[in-house]
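Please look through the structure shown here and follow the report that comes after it, checking each residue against the picture as you read.

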Amino acid sequence: MARLRPGLLLLMAMVALASRGFQAWGSSKVVRKFQDVPESYVYVQHALWFAMKEYNKASKDEYTFKVLQILKSQEQVTDSLDYLLEVKIARTMCRKASGENENCLVQWDPQMQKMFHCTFIVASKPWNFELSMLKKECEPV
């Protein structure tokens, strides 16, 4: 009987770990799945600002792009606050070299117009002042 106990304890421990769900080292556990949040929410605005900054930095276009419309804004809680943003963006009249992108007007010339539907997921750790891009997908409109 004494020999069965260590084996039984090991089996019980393995079952307990399996029932709780095994998580790989370094992966994020979802505490709360994506839920709608207002687009005016300050962290949504920070995530959107960051997403557009990263988009414009990576874009090979000589003009900056800006958000025309926010189609969806959602928040998920993991080890960070993750923001899923679906937006419609458009090319502006401001060249990247000018450094201006806040007050830029959207291109009105049909030959210069360019629009995209983009999905961004931005991870935010406001307690550490950290933002990182988890996903960036854009398709022409």
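Lys57 counts as exposed in this predicted model, with a relative accessibility of 59%, and its side chain forms a salt bridge with Glu54 in which the closest N and O atoms are 3.2 Å apart. Because Glu54 and Lys57 are three residues apart in helix α2, about one helical turn separates them. Side chains of opposite charge can pair when their charged atoms come close.

The structure holds eight salt bridges, and three of them, including the one just described, are set out here.

| Salt bridge | N to O distance |
|---|---|
| Glu75 and Arg32 | 2.6 Å |
| Glu54 and Lys57 | 3.2 Å |
| Lys135 and Glu137 | 3.9 Å |

The pair of Glu75 and Arg32 links distant parts of the chain, since Glu75 lies in strand β2 and Arg32 in strand β1, 43 residues apart. Glu75 is buried, with a relative accessible area of 8%, whereas Arg32 counts as partly exposed at 28%. In the pair of Lys135 and Glu137, Lys135 is partly exposed at 31% relative accessible area, and Glu137 also counts as partly exposed, at 46%. Elsewhere, salt bridges that share partners join Asp61, Arg91 and Lys114 into one network.

The strands themselves form an open sheet of five, in the order β1-β2-β3-β4-β5, with antiparallel pairing. Because β1 (32–36) and β5 (130–140) stand at the edges and each has a single partner strand, one side of each is left without a neighbour in the sheet. From one strand to the next, the twist averages 30 degrees. Strand β1 runs antiparallel to β2 (residues 63–77) and is joined to it by three bridges, and within this part of the sheet Asp36 stands opposite Gln74 in β2.

Which elements give two or more residues to the largest nonpolar core? This core has 20 residues, and those with the most contacts inside it are Tyr55, Val87, Ile89 and Phe120. The elements in question are α2 (42–58), β2, β3 and β4, and among these α2 gives the most, with seven residues.

Nonpolar residues are also found at the surface, where Met93, Leu105 and Trp108 make a nonpolar patch of about 370 Å². Trp108 is found in the loop between β3 (81–95) and β4 (115–125), and because its relative accessible area is 63%, over the 50% cut-off, Trp108 is counted as exposed.

Terms used
Residues numbered from 1 in each chain as written. Predicted model: local features only at pLDDT ≥ 70, side-chain atom pairs only at ≥ 80, totals over all residues. Heavy atoms only, no water. Pairing = 2+ DSSP bridges. Helix = DSSP H or I, 4+ residues; strand = E, 2+ residues; numbered from the N terminus. Axes fitted to C-alpha atoms, helices over the stretch in contact; angles between N-to-C directions. Patch = residues over 30% accessible without salt bridge, like charges linked within 9 Å, V, L, I, M, F, W, Y side chains within 5 Å. Areas by Shrake-Rupley, 256 points an atom, 1.4 Å probe, with all protein chains shown as cover. Salt bridge = Lys/Arg side-chain N within 4 Å of Asp/Glu carboxyl O. Buried < 20%, exposed > 50% of the residue type's maximum accessible area, 1.4 Å probe, protein only. Core = buried A, V, L, I, M, F, W, Y, C linked by side-chain atoms within 4.5 Å.
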